[in-house]
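These are my notes on a single protein chain. I set down what I looked up, in the order in which I looked it up.

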Amino acid sequence: MLSTLLALSAVVLAAALTYTQLKLAKQKKLLRKYDSLFSKEEFEQKLDSNINLKKMELEQIVREEEQLNTKVRNLQQKLSEFQELESVLSFGFYKSKFNFGSSEEYKSRLDKIRDDQIQMLKNKTAAICHLPYDIHGSKQKGKKLRDDFLTLILRAFNGECDAAILQVKYNNVNKLETRINQAFKTLNKLSKTNQCQIMPSYRYIKLEELYLTHEFQEKKQEEAEEQRRIKEQMREENKARREIEKARKEDEKEVKRWEQALEQARLEMEKAVGKEREQQEIKFKQLEGKLDEARANQKTNIYREQMTKSGHIYIISNIGSFGENIYKIGMTRRTPEERVRELSAASVPFPFDIHAKIHCENVPEIETLLHKHFRDRSVNKVNVGKEFFRVTLEEIVSAVEKIAEETQLVDKSKIQFTKIAGAEQYHKTLAIEQGEIQPSDRNYTPTWDEEEEEYEEDEEFEEDEESEEDE
């Protein structure tokens with residue numbers, strides 16, 4: 001019985017062991033699927049490998065981004081240079097670096113700069129090579145190769161500089177300076193592997209040529225404007241002289257006419273008696289007064305002829321055409337009214353108003369001093385000969401009084417200003433636009449004589465022909 005129980009127990013234990021072994025084998029088989037997860041060291045190694053791979057990819061992307069940004073910047077710079085040729089909004093500021101007094105001085109300095117460039121090229125100091133070449137043991141061949149390479153980069157640089165200098169204008173000097181500097185930088189970068197470079201001193205002398213060329217052109221323009229102003233002044237003086245000569249001849253006729261009339265009256269007075277003689281005496285005295293007046297006018301015109309620099313400074317405005325606080329400061333040797341009639345012709349929609357007419361012994365000098373005083377207030381900063389200034393009338397009064405005191409060429413007691421502009425036609429036009437008054441059906445009749453205007457136009461045409469013949 002005991003043996004039977006023992007045998008039975010052994011069978012049960014054997015069966016249990018077999019079952020346990022089978023279950024363990026099954027569990028091992030399931031665990032083999034997740035072996036990689038439970039291998040920590042192997043997992044970390046694989047993770048590190050993936051991280052390093054991603055870092056390398058990121059670094060490559062960053063490098064590509066930097067290269068693309070460099071290309072974009074270069075393209076943007078080139079695009080800016082091309083757009084400059086068409087853009088009317090790119091006004092470059094340029095501060096004069098030389099300030100020579102005449103175009104001849106600029107031309108002389110330009111010639112010297114170009115001679116210096118030629119000398120640097122001859123002396124081989126415009127570009128240098130830091131490393132001696134040796135080709136197959138031949139220093140002579142190495143020297144030729146080095147010289148040829150330096151000639152190549154200098155030709156490229158000179159070509160860029162010459163192209164920039166040919167394009168120089170009032171508004172692009174700074175951009176062209178950048179272009180020359182960029183060419184210098186690029187060529188030196190390309191030459192770095194050969195240890196060659198264009199010298200900074202040669203770049204500086206090329207930039208000087210750019211600045212001088214720009215200022216030379218500006219000075220020539222200024223001189224042309226000055227010549228135009230002088231010619232205009234000469235035409236004005238010639239016109240004034242002709243008018244004075246005409247007035248002188250008329251005065252001579254007038255004096256002669258009154259002298260003859262006076263002589264005739266004297267003869268009649270000697271013959272007359274009684275009341276008739278009294279009447280003749282009265283007439284004689286009247287004629288004497290007329291003769292004295294004619295002789296006084298004659299003396300005045302003779303004095304005007306002798307003092308060809310005398311004339312009037314006129315201050316005028318045209319608020320309908322230009323707005324408030326815009327004044328023209330000019331000069332004339334005729335009456336200011338005549339000059340204003342010319343200016344108020346078809347070139348502006350409304351006539352000018354006279355605020356002051358100041359007689360001066362040297363009118364060109366006073367005009368020049370006034371223009372210099374208000375130079376920074378000029379409406380046209382390019383062509384100051386237009387003579388329009390953005391100032392108040394009080395500022396003009398103050399400037400005139402100051403100049404009169406300093407020069408003693410103007411009698412301060414005779415300086416008078418009309419501070420309120422009439423602007424009759426302008427104000428009537430505003431009233432019509434606002435419906436306050438009705439426009440007139442009849443055409444406007446000018447206040448000046450049409451024949452006189454035609455005569456003045458003919459005179460101006462003759463003056464232009466005479467000036468062309470003089471030239």
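I began by fixing the term on which several entries depend: a residue is buried when its relative accessible area is under 20%, exposed when that area is over 50%, and partly exposed in between. I also noted that the model is predicted.

Entry 1, burial and the phenylalanine 352 pair. I looked up phenylalanine 352 and found 9% relative accessibility, so this residue counts as buried. I then looked up phenylalanine 322, which at 37% counts as partly exposed. I examined the two rings together: their centres are 6.2 Å apart and their planes stand at 40°, so I recorded the pair as tilted. Phenylalanine 322 belongs to helix H8 (residues 319-322), whereas phenylalanine 352 lies in the loop between H9 and strand E5 (353-360); the pair therefore ties together parts that are 30 residues apart in sequence.

Entry 2, helix H9. I asked how many residues of helix H9 (residues 336-343) are buried. The count is 6 of 8, so the helix is largely enclosed by the rest of the structure. I listed the buried residues as Pro336, Glu338, Arg339, Val340, Glu342 and Leu343.

Entry 3, aromatic pairs. I searched the whole structure and obtained 7 aromatic pairs. One of them joins phenylalanine 157 and phenylalanine 184 in an edge-to-face arrangement, with 6.1 Å from centre to centre and 65° between the planes. Since phenylalanine 157 lies in helix H4 (residues 139-166) and phenylalanine 184 in helix H5 (residues 173-190), this pair ties together parts that are 27 residues apart in sequence. I checked the burial of both partners: phenylalanine 157 has 0% relative accessibility and counts as buried, and phenylalanine 184, at 9%, also counts as buried. I further noted that Phe157, Phe184 and Tyr202 form one aromatic cluster.

Entry 4, charges over rings. I found the charged end of arginine 203 over the ring of phenylalanine 184, 4.5 Å from the ring centre. I found the charged end of arginine 257 over the ring of tryptophan 258, at 4.6 Å from its centre.

Entry 5, the chain as a whole. I counted 13 helices and 6 strands. The chain has 471 residues, of which 29% count as buried. Of the contacts between residues at least 6 apart in sequence, 72% join residues at least 24 apart. I recorded an exposed area of about 33,000 Å², with carbon and sulfur atoms supplying 54% of it.

Methods. Residues are numbered from 1 along each chain as its sequence is written. This is a predicted model: local features need pLDDT of at least 70, side-chain atom pairs count only at pLDDT 80 or more; totals for chains, interfaces and linings use all residues. Side-chain values use heavy atoms; hydrogens and water are left out. Helices (H or I, at least four residues) and strands (E, at least two) are DSSP runs, numbered from the N terminus. Buried means under 20% relative accessible area, exposed over 50%, partly exposed in between (1.4 Å probe, protein chains only). Contact means heavy atoms within 4.5 Å. Accessible areas come from the Shrake-Rupley method with a 1.4 Å probe; for residues, only the protein chains shown count as cover. Rings of Phe, Tyr and Trp (its six-membered ring) pair if their centres lie within 6.5 Å; planes under 30 degrees apart count as stacked, over 60 as edge-to-face and the rest as tilted. A charge sits over a ring if NZ of Lys or CZ of Arg is within 6 Å of the ring centre and within 35 degrees of the ring normal.
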